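Colleague: Please pick one part of this chain and go through it closely, in a way that a first-year student can follow.

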Amino acid sequence: MHLLSLPTEIITQIFLNLTWRDILKLKCICKTIYEFSQSTTLQYHLLLGIAGYDDGPSNHPMSKSQRLNLLRRLESSFNYGNFSRMTRIPLGGSYTPTYDLRGGILLQGRYAPGGLHTTGGVNVFRLPSAITDRGSIVSWKLPDLLKPIRDLNVDSSQDLLVLVGGGSLGSTAIETSFVSLTTGDPHPLSSGTYVIPIPMHSDVSGFTIVIMGSSMGLLVAGLRFVIYNWKKGKVEVDIPFDDSDPINSFFFLDHSRFGLIRGRRRPANIEIHRFKPNEGASSGSALTAVYHLLSVDDDVTIGRITCRSGSSPGLNDILMPYMENRVFSTPPFIPRLDDGIVVMGMTFFRGTPVANCVMVVRAETLMNIPEGSECIDGVYVVTANLWMDKTHVQPRTLGNWDCFVYGSRFVTMSYKERVPESWEEDEGSWLVQITVFDMNPRLVAWAKSEGCKTTPYGIDCNEPIDREICDSSDLASSEILDEPWSGGLSAITTRFIADGIIARTNNEFVVMIDGDRLALIKLRISDDRTRLLYLHMSVYYP
């Protein structure tokens, strides 16, 4: 029986079981199959694969046609920098340096009543989005906290706000509470406050918090790393601090794998661990692989490593049914975890800082052990020569206060001196240039074949754009590096000037990426460096 003699419904189902690569090949066989592949259902399936997304829940109210059009608009916005909508939100006021943006929710710490230099409350902003079809901004203030906090994180899909307090001189514990993002009350699924006792005179310098479903990863600088099941009240992983072998940062790959970055080793490396969530108290983790990083000279240390990962905490369970509430609406498609990226900013010290480097690696590389890796006592050792070609490195600082990542993209910002349009205007002002890096290898392959002025999404740009292939730098052996590092992972970069934004100094903006949004916050640190002066936020979306 010939394929094309089958009923249309059966042919469609056959095509949907193929990969996007197979569909691209089949389109070239004959005109009939090509025309069949142009159906909305197959085009959506094809573009999901190319863009690196999984389809959302089957009961999502958006039709396949609506999802396809939205996906094209979204990819066009980030690839061409032509966001069709911009909303400006006034943020006037003096607030603490505690803030974050995840899942369409901006959190802004506010000072405790009558307190100095402490965060005693949280303001919440739900940002507009084309993906969730919400064009309005909704904001609310959560009730004042009983105790000041030091850091926070959010998972809007679970109506969850994580608050970490304590760890200062005079305190005897670090307390992590889990509250409703909507009301500020204790979260109904939480088992209660998680307490880590600490020595009386400890002064914790910082925290890193990441939420992955029912697991919360918490790195307490200089003390310990834990993965805590906030619903069951059980510690799943507990690794005490070792001054000779500290953990610089961490990230989740998925619900059962995480990475630890250890910068003081020779060479520095990334440990990949597997753990068993929901297995019970202190179930621990199993070290499965060690990836070697840059090898430095004996008198050089990698003293600082910051890390951001591109996973979508809380949104990566594609079996989650559609839901909509005040803080969250299930998106029609979500980034695949294996298509995410890990961005690491490294600072090299020889007593004082002497150099910087940014390294980007795809999650897929850390999920799949390269061939040729040696297995020692059940742990694979991945030497630099086996995987450096799957990294992207640049000899630069991460900058932008911190790096914000979503899926395969991360965003940076720079300033371009502005030429006054008339003699009446003040000199010394700056334009804000946003650069979107996309590490999607399918987009890079397309650009190398078809050029940077088109994309595989069926929407071309007829206007001049600053879009190019950005190859990885080669870091040669030097006074800092023991051995060269040759990255082979390329990116597509799109640069554009933020409309309507003029900076008076070249350090007063922070840019963040989250879902289908770019958020540009204008702020300034007070002269005594204790307060963050928020001015306004501009949100760009399709």
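**Around helix α8**

Modeller: Just after helix α8, Gly451 takes a positive phi of about 100°. This is a predicted model, in which local features need pLDDT of at least 70 and side-chain atom pairs count only at pLDDT 80 or more, while totals for chains, interfaces and linings use all residues. Residues are numbered from 1 along each chain as its sequence is written, and side-chain values use heavy atoms, with hydrogens and water left out.

The pLDDT is the predictor's confidence in each residue, from 0 to 100. Its mean over the chain is 83, with 82% of the residues at 70 or more. Confidence is lowest in helix α1 (residues 8-16), with a mean of 63, and highest in strand β24 (residues 379-382), at 97. Where pLDDT is low, the predicted coordinates should not be read in detail.

The chain has eight helices and 35 strands. Helices (H or I, at least four residues) and strands (E, at least two) are DSSP runs, numbered from the N terminus.

Now the helix itself. At the N-terminal end of α8, Asn440 acts as a cap: one of its side-chain oxygens lies 2.9 Å from the backbone nitrogen of Arg442. Arg442 is also one of the buried residues of α8, together with Leu443, Val444 and Ala447. Buried means under 20% relative accessible area, exposed over 50%, and partly exposed in between (1.4 Å probe, protein chains only). Of the 542 residues of the chain, 55% count as buried.

Helix α8 (residues 441-450) lies across three strands, β28 (430-438), β29 and β32 (491-503), and runs at about 95° to β32. Axes are lines fitted to C-alpha atoms, for helices over the stretch in contact, and angles run from 0 to 180 degrees between N-to-C directions. Contact here means heavy atoms within 4.5 Å.

Those strands belong to an open sheet of five, in the order β26-β27-β28-β32-β29, with antiparallel pairing. Its edge strands are β26 and β29 (466-470), each of which pairs on one side only. On average, neighbouring strands of this sheet are turned by 30° against each other, direction ignored. Two strands pair if DSSP finds at least two bridges between them. Strands of a sheet pair through backbone hydrogen bonds, either parallel or antiparallel. β26 and β27 (residues 409-417) run antiparallel and are joined by three bridges. In β27, Arg409 is the bridge partner of Tyr406.

Val432 shows how the sheet meets the interior. Its contacts, not counting residues up to four places away in sequence, include Met413, Tyr415, Phe496, Ile501 and Leu520. In the largest nonpolar core, which has 56 residues, Val432 is among those that touch the most other members, along with Phe333, Ile434, Met512, Leu518, Leu520 and Met537. The largest share of this core, six residues, comes from helix α4 (residues 40-51). A nonpolar core is a set of buried Ala, Val, Leu, Ile, Met, Phe, Trp, Tyr and Cys residues joined through side-chain atoms within 4.5 Å.

Finally, the loop that leads up to β26. Pro395 lies in the loop between β25 (391-394) and β26 (404-406). Pro395 is exposed, because its relative accessible area is 54%. Pro395 and Asn356 are 39 residues apart in sequence, but 5.9 Å apart in space, C-alpha to C-alpha. Pro395 touches Asn356, Cys357, Ser473 and Leu475, leaving aside residues up to four places away in sequence.

Definitions and conventions: Polar contact = N/O pair within 3.5 Å; in protein donor to acceptor, adjacent residues only side chain to side chain.
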